Amino acid sequence: MWRIPCLVVALVSAALGIVRADEAVVPLPRVEEGGFERIRLAALGNVRLAAFGDPQDLSEPLLPDDVAPPGQPRQEFEPPAGRKLPPGAKPGALQQVIFTATELPRFGSDGLGLTTLDTSLTIGMPAPTVDSPLLLTPGFGTTLVDESGGTMDPGLPAQLYESWLQARWMRKVGAKLGVDFAVAPGWYSDFANDTPQAFRITGHGFGAYEVNDDLRIVAGVIYLDRYDVNILPAGGLIWTPSDDRRFELLFPRPRLAWRMRETARAAQWVYLAGEFGGNQWAVRRDSGANDVVVYHDYRLIAGWERRPADLGISWRIETGWVFGRLVEYYITDTADYRPSDTLMVRAGVWY
């Protein structure tokens, strides 16, 4: 079991090493703003929406403040002398790459350990113009299961998989309103159950209204295509009283963030957050019967996040308490299983 925490530690160490190397890099020459840079600005800034993350995960990093519209800090600080890059712009079609590792250790005979590794990348293109961009995000994840093997063992496969392709379209409507729509067909299974039970189509639809420079109202729904939760209402308020504070009073992932430190290269943020975790997979039981299993939990999280001044590597480290855990089978006649509470450690790196 200890190989999994070691993997998380290695990921964090790699992220910190990248950050130190980044501090010593000479600033790049000026990059002129082009079509794909405008796509990113339109996608991440002009629409003025909160990022809830992929609908099947709800745990991606929120949109960085350095591309935020009025009402959020537009940049952590001024770019180095001679740099005229637009906030958040990246040359080329590739706009973001994310890698995340999450560890939920098994405690006790009634525990359930889960290690999840996720990766995704985002490509931007005009649809039909750069002011209404289409973002395509393919992603893949795997979850390693550590069960007790006792009488309370829920009988999960040793490894679960998810793969998806999200198409996300955003557009500004008028001076203060933005809309955000996404659909993400995906395959969620143990790769043994290859029936249509593994195919799910998730998505979301949001609207955001800017009341003033400090306050936005967000409302919408998240479609999870799951047996336990099919449609999840989402929304709330985003309040930014100052450049050093950001309060995202949003369901299902509220977050309160404070900027603790900034240098000429990056800013450091700490935050408290809540999260609804879990997923659904099509699996094959030991008996040979195909089934559908759903796991969900609730998480209280404390995190530390580094955000660069402009282009560069961001990272975050999180820990928290996981409770209200439930494993349910929906096809065969299997009793529900409630694993004991556990801790969470998560590390993420994205560009």
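# A tour starting from a buried pair

Select Arg285 and Asp291: both are buried. Their side chains meet in a salt bridge, at 3.2 Å from N to O. Keep in mind that this is a predicted model.

**The whole chain**

Zoom out and show the cartoon. You should find 2 helices and 14 strands. The chain has 351 residues, and 53% of them are buried. Look at how contacts run through the sequence. Among contacts with a separation of 6 or more, 59% link residues 24 or more positions apart. Now switch on the surface. About 14,900 Å² is exposed, and carbon and sulfur atoms supply 64% of that area.

**Asn290**

Next, select Asn290, in strand 12, which covers residues 290-308. Is Asn290 buried or partly exposed? Its relative accessibility is 25%, so Asn290 counts as partly exposed; the cut-off for buried is under 20%.

Show its side chain together with that of Arg284. The two make a polar contact at 3.1 Å. Then display the other residues around Asn290. Beyond the neighbours within four places in sequence, its contacts include Asn193, Thr195, Gln197, Ile331 and Thr332. Draw a C-alpha to C-alpha distance from Asn290 to Gln197. It should read 8.8 Å, although 93 residues separate the two in sequence.

**Salt bridges**

The structure holds 17 salt bridges. Pick Glu275 and Arg346 from among them: their side chains meet at 2.8 Å, N to O. Glu275 lies in strand 11 (residues 266-284) and Arg346 in strand 14 (residues 342-350), so the pair ties together parts 71 residues apart in sequence. Check the cover on each partner. Glu275 is buried, at 5% relative accessible area. Arg346 is buried too, at 2%.

Move to Arg316 and Glu318. Here the side chains form a salt bridge of 3.3 Å, N to O. Arg316 counts as buried at 2% relative accessibility. Glu318 is buried, with a relative accessible area of 1%. Which residues belong to the network built from salt bridges that share partners? Select Arg253, Glu275, Asp297, Arg299, Arg316, Glu318 and Arg346: shared partners join them into one network.

**The nonpolar cores**

Now select Leu112, Leu156, Trp281, Val293, Tyr295 and Val327. These touch the most other members of the largest nonpolar core, which has 23 residues. Colour the elements that give two or more residues to this core: strand 2 (112-126), strand 4 (159-173), strand 11, strand 12 and strand 13 (314-329). Which strand gives the largest share? Strand 11 does, with 6 residues.

Centre on Tyr295. Outside its neighbours within four places in sequence, Tyr295 is in contact with residues including Leu104, Leu112, Leu114, Trp281, Leu326 and Val327. Its contacts also include Arg226 and Arg325, as well as Gly277 and Gly278. Then look for a second, separate core of 7 residues; Ile222, Val229, Leu232 and Ala234 are among them.

**A patch on the surface**

Finish on the outside. Select Val173, Leu177, Tyr209, Val211, Ile217, Leu237, Leu249, Leu256 and Leu272. Together they make a nonpolar surface patch of about 700 Å². Stop at Tyr209, which lies in strand 6 (residues 199-212). Is Tyr209 buried or partly exposed? With 41% relative accessibility, Tyr209 counts as partly exposed.

How values were computed
Residues are numbered from 1 along each chain as its sequence is written. This is a predicted model: local features need pLDDT of at least 70, side-chain atom pairs count only at pLDDT 80 or more; totals for chains, interfaces and linings use all residues. Side-chain values use heavy atoms; hydrogens and water are left out. Helices (H or I, at least four residues) and strands (E, at least two) are DSSP runs, numbered from the N terminus. Buried means under 20% relative accessible area, exposed over 50%, partly exposed in between (1.4 Å probe, protein chains only). Contact means heavy atoms within 4.5 Å. A polar contact is a pair of N or O atoms within 3.5 Å; within protein, one must be able to donate a hydrogen and the other to accept it, and residues adjacent in sequence count only if both atoms are side-chain atoms. A salt bridge is a side-chain nitrogen of Lys or Arg within 4 Å of a carboxyl oxygen of Asp or Glu. Patches are made of residues with over 30% relative accessible area and no salt bridge: like charges are joined within 9 Å, nonpolar side chains (Val, Leu, Ile, Met, Phe, Trp, Tyr) within 5 Å. Accessible areas come from the Shrake-Rupley method with a 1.4 Å probe; for residues, only the protein chains shown count as cover. A nonpolar core is a set of buried Ala, Val, Leu, Ile, Met, Phe, Trp, Tyr and Cys residues joined through side-chain atoms within 4.5 Å.
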